[in-house]
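Here is a set of short exercises to work through with the model open beside you. Try each task before you read its solution.

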Amino acid sequence: MAPALSGTLGASSVAALRPCAGRRAPSAATSVAPRGSGAVRCDRGLRWEAHRSRGRSLRVRCDAAVAEKPAGEEAAGEKFEYQAEVSRLMDLIVHSLYSHKEVFLRELVSNASDALDKLRFLGVTDSSLLADGGELEIRIKPDPDAGTITITDTGVGMTKDELKDCLGTIAQSGTSKFLKALKENKDLGADNGLIGQFGVGFYSAFLVAEKIVVSTKSPKSDKQYVWEAVADSSSYVIKEETDPEKMLTRGTQITLFLRPDDKYEFADPSRIQGLVKNYSQFVSFPIYTWQEKSRTVEVEEDEEPKEGEEATEGEKKKKKKTVTEKYWDWELANETKPIWMRNPKEIENTEYNEFYKKTFNEFLDPLAHTHFTTEGEVEFRSVLYVPGMAPLSNEEIMNPKTKNIRLYVKRVFISDDFDGELFPRYLSFVKGVVDSNDLPLNVSREILQESRIVRIMRKRLVRKTFDMIEEIAEKEDKEDYKKFWESFGKFIKLGCIEDTGNHKRLAPLLRFHSSKNEGDTISLDQYVESMPESQKAIYYIATDSLQSAKTAPFLEKLVQKDIEVLYLIEPIDEVAIQNLQTYKEKKFVDISKEDLELGDEEEETKETKQEFTLLCDWVKQQLGDKVAKVQISKRLSSSPCVLVSGKFGWSANMERLMKAQTLGDTSSLEFMRGRRIFEINPDHPIIKDLSAACKNEPDCTEAKRAVELLYESALISSGYTPESPAELGGKIYEMMAIALGGRWGRSDTEKAEVSMGEASAEADSSEGTVTEVIEPSEVRPESDPWRD
């Protein structure tokens with residue numbers, strides 16, 4: 001069926017239809033009948049039809065008649081080449097490809113390194129190519145006065161045709177063609193050290209240069225050629241070099257005439273040396289930069305005569321003086337060698353430490369290092385380090401963009417800006433280098449493209465990091481791991497929260513204080529090994545300090561039964577343990593929550609339950625909605641009471657932390673706060689007295705006041721924050737006044753004040769306000785501890 005194009009057009013639009021070849025276009029009046037429809041056929045097989053609707057619009061349809069072809073015969077068509085607007089393409093390459101201007105030097109040095117590599121390979125079969133060319137090296141000379149940078153290499157150079165092919169053809173990589181030729185010639189083999197692959201790195205020079213001059217001499221040619229181009233231009237010039245002073249023995253010299261805005265930054269010799277050290281530190285050929293230096297020299301000068309003495313010209317004495325003079329000379333910029341390229345068995349620990357200090361500007365030796373090579377789907381070499389101390393700046397803690405991992409491709413620095421791609425956030429303290437020959441980079445050579453490759457690299461790097469940390473933990477000298485835990489323990493706990501897939505490797509690395517090891521920390525393995533067979537869980541308590549953990553009332557019964565309890569004293573501890581849930585099939589149990597089972601509990605007798613059921617109900621009646629219920633405690637031995645949280649809500653420690661959050665949601669606080677259960681110790685004298693009070697005098701004001709004070713005290717001892725500290729203080733003062741008032745006697749003035757207080761109280765009661773004043777009794781029993 002013939003393809004068709006149809007649409008609704010206004011009357012004015014029909015007149016604009018293009019005419020068919022060889023025939024005048026039909027007008028709207030002739031092609032469409034006013035009350036019907038009409039059709040016009042063009043010479044090329046196009047048939048136009050127009051239908052008028054009841055409105056003012058026209059329906060136009062165009063049918064193209066396609067001749068049927070015999071079966072098996074393919075449609076013939078013309079073949080066209082893609083065209084590109086060169087100036088626009090150059091603008092995209094220069095201004096839209098790279099994130100930072102400084103990468104131009106990395107690209108040009110990489111090109112120079114490739115030229116030297118090519119010459120070295122070709123020199124294997126033709127030694128004449130290496131004759132009379134000097135050492136294989138790269139020299140970079142910035143000129144702040146002229147605003148230029150000159151990069152010279154003694155590499156393979158280029159002929160006139162190669163200049164057209166490599167620099168005149170955008171996105172054609174001479175290195176890629178050379179590698180292809182090497183692979184075809186099996187006698188030479190293929191090299192993994194050549195860097196270039198896209199053919200656009202040279203043009204990054206236009207990021208900072210308004211003009212580029214390339215002078216090159218190939219060993220294959222007797223002539224030297226000059227290639228010139230100006231930024232924002234679609235053409236270039238090639239000419240033969242005729243100036244004898246500018247002749248090269250071999251290689252290429254690139255001169256960049258910097259833009260006015262960039263000459264002050266990139267013509268600075270120290271800036272150039274810094275860029276070389278950052279990006280091209282590990283290029284296999286020496287890189288020299290032109291630097292200003294100083295030296296101390298001795299000069300002679302005339303000695304001034306003393307006062308009253310006159311000296312003739314022939315008798316003037318000379319004296320030597322030491323002065324500092326400045327001079328310019330070449331300085332090697334890449335003296336540090338890529339240690340990861342060597343065999344680990346041949347490298348001493350001191351070499352690893354020196355490399356670490358120079359690369360990452362550290363002054364302490366690392367705690368550990370690992371050097372490995374990974375092969376398979378992704379091949380890379382890496383050296384990783386555990387620093388000797390935690391970062392001094394708080395901004396670097398838990399920051400995924402710490403720039404601690406430096407990614408290299410063929411020894412050329414690519415990036416250190418990874419947002420948790422190569423390492424998870426909790427391992428951001430690890431420092432190291434990763435070098436690969438075949439990573440999938442984008443054209444700017446700044447971003448890894450395939451996420452699957454990155455995931456494989458991340459998995460292997462994390463596994464090697466865990467191996468390295470475990471080696472520290474397994475050392476006989478525990479001081480190294482103690483230093484590690486003090487510096488990076490929080491990072492490992494963060495990993496328990498963020499990385500559920502590695503819980504089995506993270507949990508053995510954890511360290512905590514415990515009720516049996518208050519001075520030192522223990523591992524979970526040590527805790528499990530010391531557990532009695534009857535113990536089915538790992539017990540812990542979360543508080544704000546070690547001292548509050550030691551004195552918490554929740555511990556009393558467990559310590560009495562010789563059950564070890566872990567102390568979680570850092571804010572992150574409780575969340576980390578809750579994410580672990582179990583360790584070696586042992587559940588983690590918070591001893592500050594309800595339904596605590598200690599394994600060998602003795603069943604309470606019915607008489608005890610019945611005896612204190614009345615007290616529990618009476619205390620619940622006094623406290624009202626402040627507590628969910630009142631029950632007999634299984635965890636107390638010396639304290640009268642304790643306030644425990646519900647099984648599924650926040651603990652007292654977590655509630656305290658959530659209240660302290662700057663951006664905390666107060667509306668969710670009531671929802672997540674666990675119910676509070678008031679547990680009493682039936683063996684404590686206070687509880688026994690209250691039990692007697694509820695039976696004999698349940699409406700006693702003093703007993704009710706004692707219950708309120710008992711609850712407020714339990715709030716504090718259990719880790720909660722009282723809602724009104726001032727009100728609690730008032731209750732304590734009142735109880736102290738009852739306990740201490742009149743024991744040591746009072747003066748006549750104080751007695752008068754008391755009498756006046758009583759009189760005013762009576763006056764208030766006569767006005768309808770009843771104020772009860774209770775005077776402490778002067779009668780002291782024999783058992784009174786305050787009695788003389």
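The exercises below go from strands and sheets to helices and cores.

This is a predicted model, in which local features need pLDDT of at least 70 and side-chain atom pairs count only at pLDDT 80 or more, while totals for chains, interfaces and linings use all residues. Residues are numbered from 1 along each chain as its sequence is written, and side-chain values use heavy atoms, with hydrogens and water left out.

**Exercise 1. The surroundings of one strand**

Task: Find out how strand S17 is covered and which strands pair with S17.

Solution:
- Step 1. Locate S17 at residues 431-436; helices (H or I, at least four residues) and strands (E, at least two) are DSSP runs, numbered from the N terminus.
- Step 2. Check the burial, where buried means under 20% relative accessible area, exposed over 50% and partly exposed in between (1.4 Å probe, protein chains only). Six of the six residues in S17 are buried.
- Step 3. Sort the side chains by direction. Lys431, Val433 and Asp435 point one way, Gly432, Val434 and Ser436 point the other way, and all are buried.
- Step 4. Look for partners; two strands pair if DSSP finds at least two bridges between them. S14 (residues 380-386) pairs with S17 in the antiparallel sense over six bridges, and Ser382 has Val434 as its bridge partner in S17.
- Step 5. Turn to S15 (residues 405-409), which is parallel to S17 and pairs with it over five bridges. Here Val409 stands opposite Ser436.

**Exercise 2. A hairpin**

Task: Describe how S15 connects to S16, and what is notable about phi in the turn.

Solution:
- Step 1. S16 covers residues 412-415 and pairs with S15 in the antiparallel sense over three bridges.
- Step 2. Val409 stands opposite Val412 in S16.
- Step 3. The two strands form a hairpin with two residues between them, and Lys410 in the turn has a positive phi of about 55°.

**Exercise 3. Two open sheets**

Task: Give the strand order of the six-stranded open sheet and of the three-stranded one, and explain which strands stand at the edges.

Solution:
- Step 1. The six-stranded sheet is ordered S19-S18-S21-S20-S23-S22, with mixed pairing.
- Step 2. S19 (517-522) and S22 (582-583) each have a single partner strand, so one side of each lacks a neighbour in the sheet.
- Step 3. Inside this order, S18 (residues 512-514) and S21 (residues 565-568) run antiparallel and are joined by two bridges. His513 has Tyr567 as its bridge partner in S21.
- Step 4. The three-stranded sheet has the order S24-S26-S25, again with mixed pairing. S24 (629-632) and S25 (641-645) are its edge strands because each has a single partner strand.
- Step 5. S25 and S26 (residues 676-680) pair in the antiparallel sense over five bridges, with Ser645 opposite Arg676.

**Exercise 4. Helices H21 and H22**

Task: Test the length of each helix against its expected span, then find which face of H22 is buried.

Solution:
- Step 1. The expected span of a helix is 1.5 Å times one less than its number of residues. For the 16 residues of H22 (residues 725-740) this gives 22 Å, and the end C-alpha atoms are 22 Å apart, which agrees.
- Step 2. Among the residues of H22, Leu728, Gly729 and Lys731 are buried. They line one face of the helix, because the buried residues fall within an arc of 160° seen down the axis (the arc is that of the directions from the helix axis to the C-beta atoms).
- Step 3. The face turned away from that side carries the exposed residues Ala726 and Tyr733.
- Step 4. The buried residues of H22 pack against H21 (701-717), where contact means heavy atoms within 4.5 Å.
- Step 5. H21 has 17 residues and should span 24 Å; its end C-alpha atoms are 24 Å apart, which agrees. Its buried residues include Val707, Leu710, Tyr711 and Leu715.
- Step 6. After H21 comes Gly719, with a positive phi near 100°.

**Exercise 5. The cores**

Task: Which residues of the largest nonpolar core touch the most other members?

Solution:
- Step 1. A nonpolar core is a set of buried Ala, Val, Leu, Ile, Met, Phe, Trp, Tyr and Cys residues joined through side-chain atoms within 4.5 Å.
- Step 2. The largest one has 78 residues, and Val386, Phe429, Ile469, Phe484, Tyr539 and Ile591 touch the most other members.
- Step 3. Helix H10 (residues 451-473) gives the largest share of this core, 11 residues.
- Step 4. Apart from this core lies another, of 58 residues, among them Phe202, Val208, Ile254 and Phe285.
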